[in-house]
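Visitor: I am new to this structure, and I would like a close look at one part of it. Please take me through its pocket.

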Amino acid sequence: MNDEILYEVSGEIGWITLNRPQARNALTFAMYDRIAEICADIEGHGSPKVLVLTGAGEKAFAAGTDISQFRAFNKPEDALAYEARIDEVLRKIEACPIPTIAAISGAVTGGGASIACACDMRIATQDARFGFPVARTLGNCLSMNNYARLGTLLGPHRVKDIVFTARLMGAEEGKHVGLFNELVADHAALMARAKELATTIAGHAPLTLRATKEAMRRLSVVNHTADSDLVVMCYMSADFREGMEAFLAKRAPNWQGR
């Protein structure tokens, strides 16, 4: 596990690298937990002033949750516990007291896209592709908190567009709609720009940055209606089991709507 999340502090910058390039940096539960642990205890992790999250290699920031872990799901509590776990990880990223930057190369989908959206800023390469293609792959859904986060960032109409069509939003469109703060040519330029941007931010008044970040977080916190019925409907369906097995077998799923 220690090799799947790399963490180092260089100067005033903390670097979290998702390190499963052979699996397009798909996230295991332990990887999610390690990210949350670092974000929740910055002082215990070298006290950086800025945190950069990125993926190893050039093909993906993170291609969602490792699908094989869903095979153990057989009761509603499994699905609800999973979404609650992911929500808690994303809340800890958002509540991290220092600025966070997602440095994105290639695909950023599913849980990886959720992590990127929870960061304060996102910079990406020209080949970045963002989305939640669950309507095509697994037949599951997101939590209300995750839908709300996406709706705030992209607008409800665009969330429905990318989920309904299961398309991946390209880099230029992402920049146009405000998803990506900046675009760079390639992976080398991405890492250089991430360091440059983080260094600039690290040189500014930390309490101003913290106050601004926390103020924006508080403005976005609202009470959402319950979502347990939606989560259970999707994760406990025959379609979800079919989608998961089809994905792992690299074949097209046969949706039944039940």
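Visitor: Which helices and strands each supply at least two residues of the lining of the largest pocket?

Guide: Five elements do: α2, α3 (110-118), β7, α4 (144-154) and α8 (206-220). Helices here are DSSP runs of H or I with at least four residues, strands are runs of E with at least two, and the numbering starts from the N terminus. Two ground rules come next. This is a predicted model, in which local features need pLDDT of at least 70 and side-chain atom pairs count only at pLDDT 80 or more, while totals for chains, interfaces and linings use all residues. Residues are numbered from 1 along each chain as its sequence is written, and side-chain values use heavy atoms, with hydrogens and water left out.

Now the pocket itself. A probe the size of a water molecule, rolled over the atoms, shows where empty space is left. In detail, a 1 Å grid is laid over the protein atoms alone; a pocket is an open set of points where a 1.4 Å probe fits, with protein on both sides within 12 Å along at least five of seven lines, and lining residues have an atom within 4 Å of a point. The largest pocket has a volume of about 880 Å³. That volume is the space filled by probe spheres set on the points, which are joined across faces, edges and corners.

The lining counts 26 residues. Nearest the centre of this pocket lie Glu 94, Arg 149, Met 216, Arg 217 and Ser 220. Helix α8 gives the most to the lining, with six residues. By class, 12 lining residues are nonpolar, seven are polar and seven are charged. Here Ala, Val, Leu, Ile, Met, Phe, Trp, Tyr, Cys and Pro count as nonpolar, Asp, Glu, Lys and Arg as charged, and the others, Gly among them, as polar.

Follow two of the contributors outward. Start with β7, which covers residues 121-125. Strand β7 runs parallel to β5, and four bridges join them. Strands pair if DSSP finds at least two bridges between them. Ile 104 has Ala 124 as its bridge partner in β7. On β5 there is a second parallel pairing, with β3 (residues 50-55), also over four bridges. There, Leu 51 stands opposite Thr 100. Strand β5 (residues 100-104) is mostly covered, with five of its five residues buried. Buried means under 20% relative accessible area, exposed means over 50%, and partly exposed lies in between (1.4 Å probe, protein chains only). Both faces of β5 are covered: one side carries Thr 100, Ala 102 and Ile 104, the other Ile 101 and Ala 103.

Next comes α2, which spans residues 76-95. Within α2, Arg 91 forms a salt bridge with Glu 88, and their closest N and O atoms are 3.0 Å apart. A salt bridge puts a side-chain nitrogen of Lys or Arg within 4 Å of a carboxyl oxygen of Asp or Glu. Side chains of opposite charge can pair when their charged atoms come close. Why are Arg 91 and Glu 88 about one helical turn apart? Because they are three residues apart in the helix. Arg 91 is partly exposed because its relative accessibility is 38%. Glu 88, at 34%, is partly exposed too. The structure holds 18 salt bridges.

Leu 80 also sits in α2. At 32% relative accessibility, Leu 80 counts as partly exposed. Leaving aside neighbours within four places in sequence, Leu 80 is in contact (heavy atoms within 4.5 Å) with Ser 228, Val 231 and Val 232. Leu 80 and Tyr 235 are 155 residues apart in sequence, yet 8.9 Å apart in space, C-alpha to C-alpha.

Helix α2 has a further role as a lining element. The second largest pocket holds about 740 Å³ of space. Its lining has 34 residues, and the closest to its centre are Ala 63, Gly 64, Ile 67, Thr 109 and Phe 247. Elements that each supply at least two residues to this lining are α2, β6 (107-109), α3 and α10 (238-249). This lining divides into 18 nonpolar, 11 polar and five charged residues. So α2 and α3 each supply at least two residues to the lining of the largest pocket and to that of the second largest.
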